[in-house]
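Thanks for making the time this morning. I would like to walk through one model with you, starting with a single residue and then moving on to the way some of the helices pack.

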Amino acid sequence: MKYVVVSGGVISGIGKGVIASSTGLLLKTLGARVTSIKIDPYMNIDAGTMAPTEHGEVFVLNDGGEVDLDLGNYERYLGITLGKDNNITTGKVYKHVIEKERRGDYLGRTVQIVPHLTEAIQDWIERVARIPADDTNEEPDVCVVELGGTLGDIESAPFVEALRQLRRRAGKDNFIQIHVSLVPLIHDELKTKPTQQAIRDARSAGMSPDLIACRCERPLDKATTDKIAMFCQVEPEQVIGVHNVSSTYHVPLLLEQQGFLHVVSDLLKIQNVTLSSALVSKGQSTWKQWNTLTSAQDHTFESVNIALVGKYVSLHDSYLSVIKSLEHAAMACRKKLNIIWVDASHLELSSRETNPQEHYKAWHDVTSADGILVPGGFGTRGTEGMINAAHWARTKSKPYLGICLGMQIAVIEYARNVCGIKGANSVELDNNTSDPIVVYMPEIDQVNLGGTMRLGSRPTLFQEKTEWSKLRSLYGQDCQSIHERHRHRYEVNPEYIERLQNAGLHFIGKDDQGERMEIVELQDHPWFVGVQFHPEYLSRVLAPSKPFLGFVATASGVFEKVAKMSQTKEAELANGVSQIII
């Protein structure tokens, strides 16, 4: 097993996840099987109980793991399927060691950070690195490990020591470290001192970076590269510039142009690994498609304007997977994506916190957009504004996509304004509502919040006589069921289903027991779709999520064309033909 460790210095949030994902993507072009691990040095067991505005979105995996958003980057870039153990947190590893101590596994010895905790971290990495992550179901060749936070943080010290030891355990030519550092531009000059200090700090902690990825506003010049190489004791080719680009999807191309892959493969001696010719061919085909799609985006001039009506709009990373899914769909439709961020509470007519200027601007943004999206969320704030947005989209024939809470909002709006159920609401929003259209699922733990929702990949079955469905047409009329990832505590109340359907609100998708409502769609509308699951978690650059694709295509005025090409694509995939770009 070969390891690539990606760490960061100077500041956090400089793109370690994208660089780690890009490294894995480039290695796959050589035919290597790649998996990924993210280390988060916080005490939480997982990301499930953290507010989106605290740490960005919570990404959900097939096995129900609630993890850091960077695992979403890994899956999107590499086309792999990860599990909850691919995200290591301080809370998880301490819990693991303490449980071993309570069982007596340490035979009475004093349990310490070194060696017991550091060995547990290494054992965890080695175990997870060998779990198949792609459709070949074979052990990976390379594991990309991202160390979260900033090197030097006190909470990451045990992981740094464990990774230092892992280099020795892995052996020669089986371990490299990429250190991502900031090279700021001050008075039109690229400053290297922060990077020099970051590398000194890394070495003082026992880490020896083999490559230095320099995040900067503009391309590195030769003089700056040579200076960093000299003072950081690496060769110039081991200093890689990662300047600002129009899209993160250009980062793999930027790395490849600088000979990054050649340096990495040479340091890891990838040529000594037995690689499948089929995987080499597949990797090169994927790379060609990636190049074509991302390059074409630079020559796209028509825009599609999507109003994202949410409650966490102050931190865009709260909706990272939604943003990426919209980007994937816009690229497939050959459009430039323009997201208009709308605070849902500003759409509420009676909100005391909304001043008139914010109120009128929010409504102008919604009414002038090409499509309206209401994503998931928790709590009561802004939900009446979301209901108002859904009402506008439904009555004005504006494309609408509701995800999780957004689907429940659409159902509540329909119940109130079409079915005449004026008190319709969710028990989450009003526990005393006279007409609970949305209720707690009976098996849900209402006290303990962590890991107690309906989580992970679950089937949705298309119902009979729904061939008219625009969403279903994107999957192909022969498609009877789909698997999507879920994260919710509430469901549409089964007692109201018949009344809603008789009024024209069609639940075209239900769970495998026929009890839970998964997809709602209006028949006499350009695109009005709500899904209980989170389709954004399975969207990929070269395979956009169908609900997002249909939504953006309708908003762009190209639905018929996209639907036809999507059906052709699904048919070719079913017959074993390689993936094509829409």
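Is Arg334 buried, partly exposed or exposed? Before I answer, please keep in mind that this is a predicted model. Arg334 turns out to be partly exposed, because its relative accessible area is 35%, a value that falls between the 20% limit for buried and the 50% limit for exposed. Arg334 sits in the loop between helix H12, residues 320-332, and strand E13, residues 336-343, and its phi is near 60°, which is a positive value in a residue other than glycine.

Lys465 makes a useful companion to that case, since Lys465 also is not a glycine and has a positive phi of about 60°. You will find Lys465 in the loop between strand E18, residues 454-462, and helix H16, residues 470-475, and with a relative accessible area of 71% Lys465 is exposed. As background, most residues other than glycine have a negative phi, and most peptide bonds are trans.

The second half of that remark leads to the peptide bond between Val114 and Pro115, which is cis, with omega at about 15°. Pro115 is found in helix H5, which spans residues 113-129, and this brings me to the packing of the helices.

Two packed helices are described by the angle between their axes and the distance between the axes. For helix H5 and helix H6, the latter covering residues 157-170, the axes come within 9 Å and cross at roughly 65°, and the crossing is right-handed. On the H5 side the residues that meet H6 include Ile113, Val114, Leu117 and Ile121, while on the H6 side they include Pro158, Phe159, Leu163 and Arg169. Sorted by class, this contact has 10 nonpolar, three polar and five charged residues.

Now consider helix H1, residues 16-28, together with helix H3, residues 70-78, whose axes also come within 9 Å but cross at roughly 25°. Since angles under 35 degrees count as roughly parallel, H1 and H3 are therefore described as roughly parallel to each other. Their crossing is right-handed. The contact is made by residues of H1 including Gly17, Ala20, Gly24 and Leu25, and by Asp70, Asn73, Tyr74, Tyr77 and Leu78 of H3. By class, the contact between H1 and H3 has six nonpolar, five polar and two charged residues.

Two of those H3 residues, Tyr74 and Leu78, come up again when we look at Ser36, which touches both of them as well as Ile80, Leu82, Asn86 and Val144, if we leave out residues up to four places away in sequence. Ser36 lies in strand E2, residues 34-40, and because its relative accessibility is 1%, Ser36 counts as buried.

Gly13, by contrast, counts as exposed because its relative accessibility is 74%. Gly13 is in the loop between strand E1, residues 2-8, and H1, and its C-alpha atom is separated by 8.0 Å from that of Gly149, although the two are 136 residues apart along the chain.

Finally, a word on the annotation: an unreviewed UniProt entry records the domain "CTP synthase N-terminal" over residues 2-270. Over that stretch the chain is 41% helix and 19% strand, and the C-alpha atoms at its ends are 9 Å apart.

Technical notes: Residues are numbered from 1 along each chain as its sequence is written. This is a predicted model: local features need pLDDT of at least 70, side-chain atom pairs count only at pLDDT 80 or more; totals for chains, interfaces and linings use all residues. Side-chain values use heavy atoms; hydrogens and water are left out. Axes are lines fitted to C-alpha atoms, for helices over the stretch in contact, and angles run from 0 to 180 degrees between N-to-C directions. Helices (H or I, at least four residues) and strands (E, at least two) are DSSP runs, numbered from the N terminus. Angles under 35 degrees count as roughly parallel, over 145 as roughly antiparallel, 65 to 115 as roughly perpendicular and the rest as oblique. A crossing is left-handed if the near helix is turned anticlockwise from the far one by less than a right angle, and right-handed if clockwise. Contact means heavy atoms within 4.5 Å. Ala, Val, Leu, Ile, Met, Phe, Trp, Tyr, Cys and Pro count as nonpolar, Asp, Glu, Lys and Arg as charged, and the others, Gly among them, as polar. UniProt positions are given in the numbering used here, feature names are shortened, and annotations may be inferred rather than shown by experiment. Buried means under 20% relative accessible area, exposed over 50%, partly exposed in between (1.4 Å probe, protein chains only).
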